[in-house]
Amino acid sequence: MDRIRITGGNELHGIIPISGAKNAALPLMIASLLTDDTLTLENVPHLADVEQLIRILGNHGADISVNGRRERQGESYARTIHFTCRNIVDTTAPYELVSKMRASFWVIGPLLAREGKARVSLPGGCAIGTRPVDLFIEGLAALGANIEIDSGYINATAPTGGLIGARYVFPKVSVGATHVMMMAATLANGTTTIGNAAREPEVVDLANCLNAMGAKITGAGTSTITIEGVTSLSGARHRVLPDRIETGTYAMAVAMTGGDVILEGTDASLLDTALEAIRRAGAEITPTETGIRVYRNGGGIKPVDVVTDPFPGFPTDLQAQFMGLMTRSSGVSHITETIFENRFMHVQELARLGARITLSGQTAKIEGVPRLKGAPVMATDLRASVSLVIAGLVAEGDTMVSRVYHLDRGFERLEEKLTRCGAIVERVTD
Ligand code: UD1
């Protein structure tokens, strides 16, 4: 199994191309099940989760072709992928596939809307909390679906004549449930209003793509989304928006090591709250024509408190990385996680590098230390694993991160992007 060895101590200088957003690419790919026409997605990142979803969509009948010619984007390679699902050949998403990636559960929305039925495995437990599916069930039931749970599967059927537009207010903000309800409602009879909808940029990206396919969606990006049902959707061509989590991760890496880096092909407005926290920690951040410049010269890292929240709040997907940064601050900081319980598994791994962190409920208290020391550490989930990389970049000596398949799920060419900016990061294949 691959591991990543980081030899700490180098500043980062150069250009890091930012990939298309994994969390936008996945729902956009799933939206291809809503039409028998071709959906072409540009700027799709090359990640394990994308490959897994390609297999899942193929299982439902999608014909998928990846552009032979890769689109060169700085030093990164974005891909253009065509999805054509003339017929849905299978409305079942089996446990073996859904259990590997929670987002694949989202196929329930398009399958139900287009075929009137779906049998989708419950995603099962997850390393970062229980992550139930009650909101999906309630949302789809509001559209008239009949939903039964049987042997670990959700059997959903639409009324004869299809789903029916309705008004539904989510009791809690959920990105996935908003994606699914929005997709399902595009083909419902009548108008649907989703209240307390997720406002994440990826929801807006999905709505834009669905509208390009002929849907009638307004309000995406606000907490009330209105969808006027249409009888069918067509194909479209859509470019996946830049990955704000990858952007924030590299911005924090530069804040950690010091140096001067241009994050290319991204957009500061996707992550204002996180960039503000990084600024307060001592880095300078300025938008450029093609992205963002991040630099920290001389000054140390200041302690900053953050609380995770749904967009536009501080993203939970950047919490672990920010904790990595705070381990080297000049004082005491507090990080409170409000989205997922049990999303602190990186704490004990960071402690192995010499970090001083104490947990009390959903809040971590981080006492900055003057130095970290390299050690073998284990990646526990996608975002936790990259916080270990950030810490490893300044730790004395070697940090060996095992279980890097977590990283490969969400970070495209991580070691290449960091190495080109002067870091010593190497993949070791046993
Ligand atoms: C998405 C992101 C993930 C990010 C998360 C929160 C993708 C592929 N994943 O995950 O990276 O960390 O948003 O920004 O886009 N919940 C329920 N019942 C439900 C559904 C969710 O209680 O039916 C809870 C979850 O347990 C969690 C909270 O709602 O506590 C938010 O989860 P949600 O926004 O649904 O996360 P995902 O869409 O799975």
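Two strands count as paired here if DSSP finds at least two bridges between them. The model on screen is predicted.

Select β1, residues 2-7, together with β24, residues 398-402: the two strands pair in the antiparallel sense, over four bridges. Pick Arg-5 and look across to β24, where Met-400 is its bridge partner.

Now add β23 and β25 to the selection. The four strands make an open sheet of mixed pairing, ordered β23-β24-β1-β25. β23 (376-378) and β25 (424-429) are the edge strands; each has a single partner strand, so one side of each has no neighbour in the sheet. With direction ignored, neighbouring strands in this sheet are turned against each other by 25° on average.

Next, show helix α12, residues 382-392. Helix α12 lies across β1, β23 and β24, and runs at about 30° to β1.

Leave the sheet and go to helix α9, residues 272-280. Which residues of α9 are buried? They are Ala-274, Leu-275, Ala-277 and Ile-278. Viewed down the axis of α9, these buried residues fall within an arc of 155°, so they line one face of the helix. The spacing can be read against the general pattern: an α-helix has 3.6 residues a turn, so residues three or four places apart point the same way.

To see what that face meets, display α8 (244-257), β17 (284-287), β18 (291-296), β19 (306-307) and α10 (319-326); the buried residues of α9 pack against these elements.

Finish just past the helix. Gly-282 follows α9, and its phi is positive, near 120°.

Notes
Residues are numbered from 1 along each chain as its sequence is written. This is a predicted model: local features need pLDDT of at least 70, side-chain atom pairs count only at pLDDT 80 or more; totals for chains, interfaces and linings use all residues. Side-chain values use heavy atoms; hydrogens and water are left out. Buried means under 20% relative accessible area, exposed over 50%, partly exposed in between (1.4 Å probe, protein chains only). The arc is that of the directions from the helix axis to the C-beta atoms. Contact means heavy atoms within 4.5 Å. Axes are lines fitted to C-alpha atoms, for helices over the stretch in contact, and angles run from 0 to 180 degrees between N-to-C directions.
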